Amino acid sequence: MRPAASAQSSLRIALTPGEPAGIGPDLTVMLAQRAQQHELVVFADPVLLQQRAKLLDLPVLRIREYQPAQTPRPLVAGELCVASTALVQPVIPGKLDTANAAYVLSTLKQATAECLNRHCDALLTAPVHKGVINDAGVTFSGHTELFAELSGNVRVVMMLATEGLRVALVTTHLPLRATSDSITPALLEEIIQILHSELQSKFAIAAPRIIVAGLNPHA
C-alpha cells in the first residue's frame with residue numbers, strides 16, 4: 001500500500017470509460033488533451049483509446065503503464081496512465097456488442113479493487129449500457145449496486161451534488177411500483193444517519209440541515 005497523499009501531492013483517480021461503443025472513450029481521450037494535476041488511471045484497452053483518438057482527429061496518445069507501487073504524478077497534455085484491459089471484440093462506435101459486457105465489468109471490478117486496497121483515491125465512471133450487460137446474461141442494475149456488492153454489501157447512499165444543494169436517494173434503480181414498499185422507517189433512518197455523518201466528514205458541514213422530500217417528487 002502506498003503512503004496516503006498529502007494535501008499538496010497528486011492524488012490517483014481511477015477512471016472507467018464504460019461502454020466501449022459509447023461516449024466514454026471519446027471523453028477520456030478528449031480529457032487527455034489537457035494536463036492534469038492528478039494522476040488519472042484509465043482502466044481500458046489502450047488500443048481502443050488510440051483508435052478513438054484517431055477517429056476524433058486527435059494526436060496519438062502517450063500511454064504510461066499504471067504502476068500502483070509508485071507515487072502518483074501529474075499527467076502532461078496528451079498523456080494517459082492506463083491499466084490495460086483487453087477488449088473481447090473490436091469496437092465499432094455506436095454499435096453495441098454483448099461480447100464486450102465482460103470487458104466493461106472487468107474494468108469496473110479492477111478499478112474498485114484498486115480503490116479498496118488504497119492504491120487509488122477515488123473512482124470516476126463514464127456511462128455503461130445496462131441493457132447490453134443484462135443481455136449478456138449478467139444481472140446488473142447499476143454502478144451503485146455493483147460497488148456495494150464489491151465492498152462487502154455495505155449500505156451505500158447515492159448523492160447528487162452541486163453548489164448549495166445535495167440530493168441523496170433512499171432507493172435506487174427500482175421499478176416505480178416497488179419504490180413505496182421498499183421505503184421503511186428503519187431504512188429512512190439509516191440513510192439519514194449515513195448522510196448526516198458524510199456531510200460532516202466529507203463536506204465539512206458541522207450541522208447538516210436535512211429535508212426529507214415526499215415520495216411524490218412534486219410533494
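The following dialogue introduces the reading of several features in a predicted model.

Trainee: How many helices and strands does the protein chain have, and what pattern do they follow along the sequence?

Mentor: In this predicted model, the protein chain contains seven helices and seven strands. Along the sequence, their order is β-α-β-α-β-β-α-β-α-α-β-β-α-α.

Trainee: What are the spans of the C-alpha trace along its principal axes, and what share of the residues is buried?

Mentor: The C-alpha trace of the protein chain spans about 55 × 45 × 30 Å along those axes. Of the 219 residues in the protein chain, 34% are buried. The protein chain exposes about 13000 Å², with 57% of that area supplied by carbon and sulfur atoms. As for contacts with a separation of 6 or more, 66% of them join residues 24 or more positions apart.

Trainee: How should one read the packing of two helices, and what is the angle between helix 1 and helix 2?

Mentor: In general, two packed helices are described by the angle between their axes and the distance between the axes. Here, helix 1 (residues 24-31) packs against helix 2 at an angle of about 80 degrees, and their axes lie 9 Å apart. Helix 1 is therefore roughly perpendicular to helix 2. Helix 1 contributes Pro-25, Asp-26, Thr-28 and Val-29 to the contact, while helix 2 contributes Leu-48, Leu-49, Arg-52 and Ala-53.

Trainee: Which residues make the nonpolar surface patch of about 460 Å²?

Mentor: That patch is made by Ile-23, Leu-27, Met-30, Leu-55 and Leu-56. Among them, Leu-55 belongs to helix 2, which covers residues 46-55. Leu-55 has a relative accessible area of 56% and is therefore exposed, because the cut-off for an exposed residue is over 50%.

Trainee: What should one look for in the phi angle, and where is Asp-57 found?

Mentor: The general idea is that most residues other than glycine have a negative phi. Asp-57 is not a glycine, yet its phi is positive, at about 60 degrees. Asp-57 is found in the loop between helix 2 and strand 3 (62-65).

Trainee: Is Asp-57 buried or exposed?

Mentor: Asp-57 counts as exposed because its relative accessibility is 70%.

Trainee: What is the phi of Ala-204, and in which segment is Ala-204 found?

Mentor: Ala-204, a residue other than glycine, has a positive phi near 55 degrees. Ala-204 is found in the segment after helix 7 (185-203). With a relative accessibility of 69%, Ala-204 counts as exposed.

How values were computed:
Residues are numbered from 1 along each chain as its sequence is written. This is a predicted model: local features need pLDDT of at least 70, side-chain atom pairs count only at pLDDT 80 or more; totals for chains, interfaces and linings use all residues. Side-chain values use heavy atoms; hydrogens and water are left out. Patches are made of residues with over 30% relative accessible area and no salt bridge: like charges are joined within 9 Å, nonpolar side chains (Val, Leu, Ile, Met, Phe, Trp, Tyr) within 5 Å. Accessible areas come from the Shrake-Rupley method with a 1.4 Å probe; for residues, only the protein chains shown count as cover. A salt bridge is a side-chain nitrogen of Lys or Arg within 4 Å of a carboxyl oxygen of Asp or Glu. Helices (H or I, at least four residues) and strands (E, at least two) are DSSP runs, numbered from the N terminus. Buried means under 20% relative accessible area, exposed over 50%, partly exposed in between (1.4 Å probe, protein chains only). Axes are lines fitted to C-alpha atoms, for helices over the stretch in contact, and angles run from 0 to 180 degrees between N-to-C directions. Angles under 35 degrees count as roughly parallel, over 145 as roughly antiparallel, 65 to 115 as roughly perpendicular and the rest as oblique. Contact means heavy atoms within 4.5 Å.
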